[in-house]
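Colleague: I'm new to this one. Could you walk me through it, one question at a time?

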Amino acid sequence: MHLRSTDRAFGSHRSHGHYLAVGGSLHRLFAEVLGRDTGASRGMGGSMHLQAREHGFVASVPIVAATIPIAVGAGLAARMDGTGDIAIAFFGDGATEEGAFHESMNLAMMLRAPVLFVCENNLFASHLHIGLRQPADSLVRFAEAHGVPSARVDGNDIAQVTDAVGRVLPGMRAGGGPFFLECVTYRWRGHVGHREDDDVGVKRSEDLGHWKLRDPITRLARALLAAKSLPPGGLEGIFAGTQILVDEAWSAAERDPFPAEDRLVQRTYAERNG
Ligand SMILES: Cc1ncc(C[n+]2csc(CCOP(=O)(O)OP(=O)(O)O)c2C)c(N)n1
(Lines give C-alpha, C1' and ligand atoms only; values in the text may rest on other atoms or scores of the structure.)
Protein backbone atom coordinates (compact mmCIF):
# COMPACT_ATOMS: atom_id res chain seq x y z
CA MET A 1 0.00 0.00 0.00
CA HIS A 2 2.78 2.45 0.83
CA LEU A 3 5.55 1.39 -1.53
CA ARG A 4 5.92 2.48 -5.14
CA SER A 5 7.50 0.74 -8.08
CA THR A 6 10.58 2.98 -8.01
CA ASP A 7 11.36 1.97 -4.41
CA ARG A 8 13.97 -0.75 -3.96
CA ALA A 9 12.79 -3.77 -1.96
CA PHE A 10 14.99 -6.71 -0.96
CA GLY A 11 14.06 -10.06 0.53
CA SER A 12 15.53 -13.28 1.82
CA HIS A 13 14.94 -17.04 1.63
CA ARG A 14 11.31 -16.53 2.73
CA SER A 15 10.13 -13.84 0.35
CA HIS A 16 7.30 -15.22 -1.76
CA GLY A 17 4.96 -12.95 0.20
CA HIS A 18 7.11 -9.85 -0.24
CA TYR A 19 7.40 -10.42 -3.97
CA LEU A 20 3.61 -10.82 -4.30
CA ALA A 21 2.83 -7.93 -1.98
CA VAL A 22 4.68 -5.41 -4.14
CA GLY A 23 2.85 -6.66 -7.22
CA GLY A 24 4.98 -9.55 -8.50
CA SER A 25 3.14 -11.94 -10.81
CA LEU A 26 1.80 -15.15 -9.26
CA HIS A 27 2.29 -16.99 -12.53
CA ARG A 28 5.94 -15.93 -12.72
CA LEU A 29 6.45 -17.00 -9.08
CA PHE A 30 5.10 -20.48 -9.74
CA ALA A 31 7.03 -20.68 -13.01
CA GLU A 32 10.23 -19.83 -11.14
CA VAL A 33 9.57 -22.45 -8.48
CA LEU A 34 9.08 -24.98 -11.30
CA GLY A 35 12.24 -23.82 -13.12
CA ARG A 36 10.40 -22.59 -16.21
CA ASP A 37 11.66 -20.09 -18.77
CA THR A 38 8.80 -17.71 -17.88
CA GLY A 39 9.82 -17.54 -14.21
CA ALA A 40 10.66 -14.37 -12.30
CA SER A 41 14.37 -15.19 -12.72
CA ARG A 42 13.85 -17.02 -15.99
CA GLY A 43 13.86 -20.36 -14.23
CA MET A 44 17.50 -19.93 -13.18
CA GLY A 45 16.99 -18.87 -9.57
CA GLY A 46 14.25 -20.96 -8.03
CA SER A 47 12.08 -20.25 -5.03
CA MET A 48 14.66 -18.16 -3.18
CA HIS A 49 15.95 -15.90 -5.97
CA LEU A 50 12.96 -13.80 -6.95
CA GLN A 51 12.89 -10.43 -8.64
CA ALA A 52 10.31 -8.07 -10.09
CA ARG A 53 12.26 -4.95 -10.96
CA GLU A 54 9.22 -3.39 -12.64
CA HIS A 55 7.52 -3.41 -9.21
CA GLY A 56 10.56 -2.34 -7.20
CA PHE A 57 11.40 -5.82 -5.94
CA VAL A 58 15.13 -5.86 -6.68
CA ALA A 59 16.09 -9.26 -5.34
CA SER A 60 15.69 -11.96 -2.76
CA VAL A 61 18.75 -13.95 -1.75
CA PRO A 62 18.86 -16.96 0.58
CA ILE A 63 22.17 -16.10 2.27
CA VAL A 64 20.90 -14.89 5.65
CA ALA A 65 21.32 -11.07 5.96
CA ALA A 66 22.98 -10.81 2.52
CA THR A 67 20.58 -8.27 1.06
CA ILE A 68 20.61 -5.95 4.11
CA PRO A 69 23.87 -4.17 3.18
CA ILE A 70 22.78 -4.04 -0.46
CA ALA A 71 19.59 -2.30 0.65
CA VAL A 72 21.71 0.33 2.39
CA GLY A 73 23.54 0.99 -0.87
CA ALA A 74 20.23 1.16 -2.70
CA GLY A 75 18.87 3.57 -0.09
CA LEU A 76 21.90 5.80 -0.46
CA ALA A 77 21.53 5.73 -4.25
CA ALA A 78 17.85 6.62 -3.90
CA ARG A 79 18.73 9.59 -1.73
CA MET A 80 21.38 10.76 -4.22
CA ASP A 81 18.78 10.50 -7.00
CA GLY A 82 16.62 12.90 -4.99
CA THR A 83 13.33 11.31 -6.04
CA GLY A 84 12.08 10.48 -2.54
CA ASP A 85 12.36 6.74 -3.17
CA ILE A 86 13.41 4.47 -0.35
CA ALA A 87 14.96 1.05 0.10
CA ILE A 88 13.36 -1.67 2.18
CA ALA A 89 15.00 -4.80 3.59
CA PHE A 90 12.87 -7.72 4.78
CA PHE A 91 14.63 -10.25 7.02
CA GLY A 92 14.11 -12.56 9.98
CA ASP A 93 15.22 -12.49 13.60
CA GLY A 94 18.06 -14.88 12.71
CA ALA A 95 19.53 -12.23 10.40
CA THR A 96 20.07 -9.88 13.36
CA GLU A 97 22.70 -12.37 14.53
CA GLU A 98 24.85 -11.64 11.47
CA GLY A 99 27.50 -8.92 11.60
CA ALA A 100 26.31 -7.54 8.26
CA PHE A 101 23.02 -6.50 9.88
CA HIS A 102 24.77 -4.39 12.52
CA GLU A 103 27.22 -2.85 10.06
CA SER A 104 24.28 -1.96 7.84
CA MET A 105 22.26 -0.32 10.60
CA ASN A 106 25.28 1.72 11.66
CA LEU A 107 26.15 2.81 8.13
CA ALA A 108 22.54 3.62 7.23
CA MET A 109 22.30 5.85 10.29
CA MET A 110 25.62 7.57 9.67
CA LEU A 111 24.73 8.21 6.01
CA ARG A 112 21.07 8.99 6.81
CA ALA A 113 20.13 6.52 4.07
CA PRO A 114 16.35 6.05 3.74
CA VAL A 115 16.20 2.32 4.47
CA LEU A 116 13.19 0.70 6.09
CA PHE A 117 14.54 -2.34 7.96
CA VAL A 118 11.63 -4.75 8.44
CA CYS A 119 12.44 -7.57 10.83
CA GLU A 120 9.87 -10.37 10.87
CA ASN A 121 10.55 -11.77 14.31
CA ASN A 122 8.91 -15.19 14.06
CA LEU A 123 10.90 -16.36 17.10
CA PHE A 124 12.69 -19.12 15.19
CA ALA A 125 15.85 -19.42 13.12
CA SER A 126 15.81 -22.86 11.55
CA HIS A 127 15.07 -25.10 14.56
CA LEU A 128 16.22 -22.83 17.38
CA HIS A 129 13.88 -20.65 19.39
CA ILE A 130 15.12 -17.13 20.03
CA GLY A 131 15.24 -17.90 23.77
CA LEU A 132 18.08 -20.33 23.05
CA ARG A 133 19.97 -17.81 20.94
CA GLN A 134 19.58 -14.40 22.52
CA PRO A 135 19.22 -13.00 26.05
CA ALA A 136 16.03 -11.09 25.11
CA ASP A 137 13.38 -11.64 22.48
CA SER A 138 12.82 -8.00 21.56
CA LEU A 139 14.94 -6.88 18.63
CA VAL A 140 14.25 -3.15 18.78
CA ARG A 141 17.08 -3.06 21.31
CA PHE A 142 19.49 -3.39 18.38
CA ALA A 143 17.96 -0.33 16.73
CA GLU A 144 18.35 1.61 19.96
CA ALA A 145 22.01 0.54 20.13
CA HIS A 146 22.60 1.95 16.64
CA GLY A 147 20.58 5.12 17.20
CA VAL A 148 18.03 4.10 14.55
CA PRO A 149 14.42 5.12 15.29
CA SER A 150 12.21 2.07 15.66
CA ALA A 151 8.82 0.57 16.49
CA ARG A 152 7.66 -2.89 17.59
CA VAL A 153 4.26 -4.00 16.32
CA ASP A 154 2.02 -7.04 16.35
CA GLY A 155 3.08 -8.56 13.06
CA ASN A 156 -0.12 -10.62 12.91
CA ASP A 157 -2.23 -7.48 12.82
CA ILE A 158 -2.23 -6.21 9.24
CA ALA A 159 -3.68 -2.83 10.25
CA GLN A 160 -0.96 -2.24 12.83
CA VAL A 161 1.80 -3.03 10.36
CA THR A 162 0.25 -0.88 7.64
CA ASP A 163 -0.33 2.06 9.98
CA ALA A 164 3.22 1.91 11.30
CA VAL A 165 4.68 1.98 7.79
CA GLY A 166 2.28 4.72 6.71
CA ARG A 167 3.43 6.88 9.62
CA VAL A 168 7.17 6.64 8.93
CA LEU A 169 7.43 6.60 5.14
CA PRO A 170 6.54 10.25 4.40
CA GLY A 171 9.37 11.45 6.66
CA MET A 172 11.81 9.02 5.09
CA ARG A 173 10.81 10.14 1.59
CA ALA A 174 11.29 13.77 2.60
CA GLY A 175 14.97 13.31 3.46
CA GLY A 176 14.78 11.29 6.67
CA GLY A 177 17.13 8.45 7.50
CA PRO A 178 16.52 4.79 8.31
CA PHE A 179 13.80 3.19 10.41
CA PHE A 180 13.66 -0.24 12.04
CA LEU A 181 10.28 -1.98 12.26
CA GLU A 182 10.02 -5.18 14.29
CA CYS A 183 6.94 -7.23 13.42
CA VAL A 184 6.37 -9.91 16.03
CA THR A 185 4.91 -13.06 14.53
CA TYR A 186 5.27 -16.84 14.57
CA ARG A 187 6.30 -19.48 12.09
CA TRP A 188 3.45 -21.97 11.73
CA ARG A 189 5.13 -24.41 9.41
CA GLY A 190 8.49 -26.09 9.45
CA HIS A 191 11.67 -24.22 8.61
CA VAL A 192 11.40 -25.92 5.23
CA GLY A 193 8.31 -27.55 3.82
CA HIS A 194 4.71 -27.96 4.79
CA ARG A 195 4.96 -29.80 8.11
CA GLU A 196 4.65 -28.09 11.45
CA ASP A 197 8.13 -28.97 12.75
CA ASP A 198 7.11 -30.70 15.93
CA ASP A 199 9.23 -33.68 15.03
CA VAL A 200 12.71 -32.15 14.85
CA GLY A 201 13.45 -31.54 18.50
CA VAL A 202 11.50 -28.29 18.89
CA LYS A 203 8.74 -28.37 21.48
CA ARG A 204 6.18 -25.89 20.32
CA SER A 205 2.78 -27.52 19.95
CA GLU A 206 1.29 -25.44 22.79
CA ASP A 207 2.69 -22.17 21.43
CA LEU A 208 1.60 -23.04 17.92
CA GLY A 209 -2.00 -23.59 19.04
CA HIS A 210 -1.97 -20.22 20.76
CA TRP A 211 -0.54 -18.44 17.72
CA LYS A 212 -3.01 -20.04 15.35
CA LEU A 213 -5.75 -18.17 17.17
CA ARG A 214 -3.99 -15.00 16.06
CA ASP A 215 -4.03 -15.87 12.36
CA PRO A 216 -3.65 -12.52 10.56
CA ILE A 217 -5.99 -13.51 7.72
CA THR A 218 -8.80 -14.56 10.05
CA ARG A 219 -8.32 -11.38 12.06
CA LEU A 220 -8.48 -9.23 8.95
CA ALA A 221 -11.57 -11.09 7.76
CA ARG A 222 -13.27 -10.48 11.10
CA ALA A 223 -12.33 -6.81 11.05
CA LEU A 224 -13.68 -6.40 7.51
CA LEU A 225 -16.93 -8.10 8.51
CA ALA A 226 -17.27 -5.91 11.58
CA ALA A 227 -16.62 -2.79 9.51
CA LYS A 228 -19.09 -3.99 6.86
CA SER A 229 -16.49 -3.17 4.23
CA LEU A 230 -16.55 -6.30 2.12
CA PRO A 231 -17.09 -6.26 -1.65
CA PRO A 232 -20.16 -8.01 -3.14
CA GLY A 233 -19.67 -11.76 -2.77
CA GLY A 234 -18.26 -11.30 0.71
CA LEU A 235 -15.45 -13.34 2.20
CA GLU A 236 -16.46 -16.47 0.28
CA GLY A 237 -16.12 -14.49 -2.94
CA ILE A 238 -12.61 -13.37 -2.00
CA PHE A 239 -11.49 -16.89 -1.04
CA ALA A 240 -13.05 -18.50 -4.13
CA GLY A 241 -11.62 -15.83 -6.45
CA THR A 242 -8.17 -16.26 -4.92
CA GLN A 243 -8.32 -20.03 -5.31
CA ILE A 244 -9.11 -19.60 -9.01
CA LEU A 245 -6.15 -17.23 -9.44
CA VAL A 246 -3.84 -19.73 -7.74
CA ASP A 247 -5.11 -22.72 -9.74
CA GLU A 248 -4.90 -20.89 -13.06
CA ALA A 249 -1.41 -19.52 -12.39
CA TRP A 250 -0.14 -22.96 -11.33
CA SER A 251 -1.62 -24.71 -14.36
CA ALA A 252 -0.18 -22.09 -16.71
CA ALA A 253 3.27 -22.42 -15.11
CA GLU A 254 3.14 -26.21 -15.43
CA ARG A 255 2.48 -25.86 -19.16
CA ASP A 256 5.41 -23.47 -19.68
CA PRO A 257 8.67 -24.71 -21.19
CA PHE A 258 11.96 -25.18 -19.38
CA PRO A 259 14.75 -22.80 -20.50
CA ALA A 260 16.62 -23.88 -23.61
CA GLU A 261 20.06 -25.26 -22.81
CA ASP A 262 21.98 -22.37 -24.41
CA ARG A 263 20.22 -19.94 -22.05
CA LEU A 264 22.37 -21.25 -19.25
CA VAL A 265 25.46 -19.56 -20.65
CA GLN A 266 23.65 -16.55 -22.09
CA ARG A 267 22.03 -15.71 -18.79
CA THR A 268 24.98 -16.47 -16.58
CA TYR A 269 27.52 -14.23 -18.32
CA ALA A 270 27.06 -10.66 -19.51
CA GLU A 271 27.62 -9.82 -23.17
CA ARG A 272 30.88 -8.00 -23.80
CA ASN A 273 30.06 -4.69 -25.51
CA GLY A 274 32.61 -3.47 -28.03
C1 LIG B 1 24.82 -16.92 6.11
C2 LIG B 1 23.88 -18.09 6.25
N3 LIG B 1 23.97 -18.90 7.32
C4 LIG B 1 23.12 -19.95 7.46
C5 LIG B 1 22.17 -20.20 6.51
C6 LIG B 1 21.19 -21.37 6.66
N7 LIG B 1 19.89 -20.80 7.03
C8 LIG B 1 18.92 -20.62 6.11
S9 LIG B 1 17.57 -19.91 6.76
C10 LIG B 1 18.23 -19.88 8.30
C11 LIG B 1 17.45 -19.34 9.47
C12 LIG B 1 17.15 -17.91 9.31
O13 LIG B 1 16.29 -17.49 10.34
P14 LIG B 1 15.57 -16.08 10.23
O15 LIG B 1 16.52 -15.06 9.69
O16 LIG B 1 14.98 -15.80 11.56
O17 LIG B 1 14.45 -16.28 9.14
P18 LIG B 1 13.20 -17.29 9.14
O19 LIG B 1 13.68 -18.56 8.50
O20 LIG B 1 12.75 -17.47 10.56
O21 LIG B 1 12.16 -16.62 8.31
C22 LIG B 1 19.51 -20.40 8.29
C23 LIG B 1 20.39 -20.51 9.48
C24 LIG B 1 22.12 -19.34 5.38
N25 LIG B 1 21.21 -19.50 4.42
N26 LIG B 1 22.95 -18.28 5.29
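Colleague: Where is Ser 126 found, then?
Modeller: Keep in mind that this is a predicted model. Ser 126 isn't inside a strand but in a loop, and that loop runs between strand 5 and strand 6 (128-129).

Colleague: And is Ser 126 buried, partly exposed or exposed?
Modeller: Buried would need under 20% relative accessible area, and exposed over 50%. Ser 126 comes out at 33% relative accessibility, so it counts as partly exposed.

Colleague: What is the phi of Ser 126 near?
Modeller: Ser 126 is a residue other than glycine, and its phi is positive. The value is near 50 degrees.

Colleague: Leu 123 has a positive phi too, although it is not a glycine. Is Leu 123 buried or exposed?
Modeller: Leu 123 is found in the loop between strand 4 (115-121) and strand 5 (124-125), with a phi of about 75 degrees. To count as buried, a residue has to be under 20% relative accessible area. Leu 123 has 11%, so it is buried.

Colleague: Which residue with a positive phi follows helix 8?
Modeller: Helix 8 covers residues 216-226. The phi of the residue in question is near 50 degrees, and that residue is Lys 228.

Colleague: At the start of helix 8, which residue has a side-chain oxygen that reaches to the backbone nitrogen of Ile 217?
Modeller: A polar contact takes a pair of N or O atoms within 3.5 Å. Here the oxygen comes to within 3.0 Å of that nitrogen, and it belongs to Asp 215.

Colleague: Let's turn to the rings. Phe 91 and Phe 180 form an aromatic pair, but what kind is it?
Modeller: The structure holds 8 aromatic pairs, and in this one the rings are 6.5 Å apart, centre to centre, with 45 degrees between the planes. Planes under 30 degrees apart would count as stacked and over 60 as edge-to-face. With 45 degrees, the pair is tilted.

Colleague: How many residues apart are Phe 91 and Phe 180?
Modeller: Both residues are buried, and the pair links distant parts of the chain. Phe 91 sits in strand 3 (residues 87-92) and Phe 180 in strand 8 (residues 179-184), which puts them 89 residues apart.

Colleague: What about Tyr 186 and Trp 211: why is that pair called stacked?
Modeller: Tyr 186 is buried at 6% relative accessible area, and Trp 211 is buried too, at 8%. Their ring centres are 5.4 Å apart. A stacked pair needs planes under 30 degrees apart, and these planes are at 10 degrees, so the pair is stacked.

Colleague: Which residues form one aromatic cluster with Phe 91 and Phe 180?
Modeller: One of them, Phe 142, also has the charged end of Arg 141 over its ring, 4.4 Å from the centre. The cluster joins Phe 91 and Phe 180 with Phe 101 and Phe 142.

Colleague: Which residue lies over the face of Trp 188?
Modeller: A charge sits over a ring if, among other things, it is within 6 Å of the ring centre. Here the distance from the ring centre is 5.6 Å, and the residue is Lys 212.

Colleague: Now strand 1. What are the bridge partners of Ala 9 in strand 3 and strand 2?
Modeller: Strand 1 pairs with strand 3 in the parallel sense over 3 bridges, and 3 bridges also join strand 1 to strand 2 (residues 57-60), again parallel. Both faces of strand 1 (residues 8-11) are covered, with Ala 9 and Gly 11 buried on one side and Arg 8 and Phe 10 on the other. Ala 9 stands opposite Ile 88 in strand 3, and its partner in strand 2 is Phe 57.

Colleague: Last one, the ligand. How much of its accessible area does the protein cover?
Modeller: 15 residues surround the ligand, and among the closest are His 13, Arg 14 and Gly 94. An oxygen atom of the ligand is 2.8 Å from an N or O atom in the side chain of His 13, while a nitrogen atom of the ligand lies 3.0 Å from a backbone N or O atom of Pro 62. On its own the ligand has 580 Å² of accessible area, and the share covered by the protein is 71%.

How values were computed
Residues are numbered from 1 along each chain as its sequence is written. This is a predicted model: local features need pLDDT of at least 70, side-chain atom pairs count only at pLDDT 80 or more; totals for chains, interfaces and linings use all residues. Side-chain values use heavy atoms; hydrogens and water are left out. Rings of Phe, Tyr and Trp (its six-membered ring) pair if their centres lie within 6.5 Å; planes under 30 degrees apart count as stacked, over 60 as edge-to-face and the rest as tilted. Helices (H or I, at least four residues) and strands (E, at least two) are DSSP runs, numbered from the N terminus. Buried means under 20% relative accessible area, exposed over 50%, partly exposed in between (1.4 Å probe, protein chains only). A charge sits over a ring if NZ of Lys or CZ of Arg is within 6 Å of the ring centre and within 35 degrees of the ring normal. Two strands pair if DSSP finds at least two bridges between them. A polar contact is a pair of N or O atoms within 3.5 Å; within protein, one must be able to donate a hydrogen and the other to accept it, and residues adjacent in sequence count only if both atoms are side-chain atoms. A residue is near a molecule or strand if one of its heavy atoms lies within 4 Å of it. Accessible areas come from the Shrake-Rupley method with a 1.4 Å probe; for residues, only the protein chains shown count as cover.
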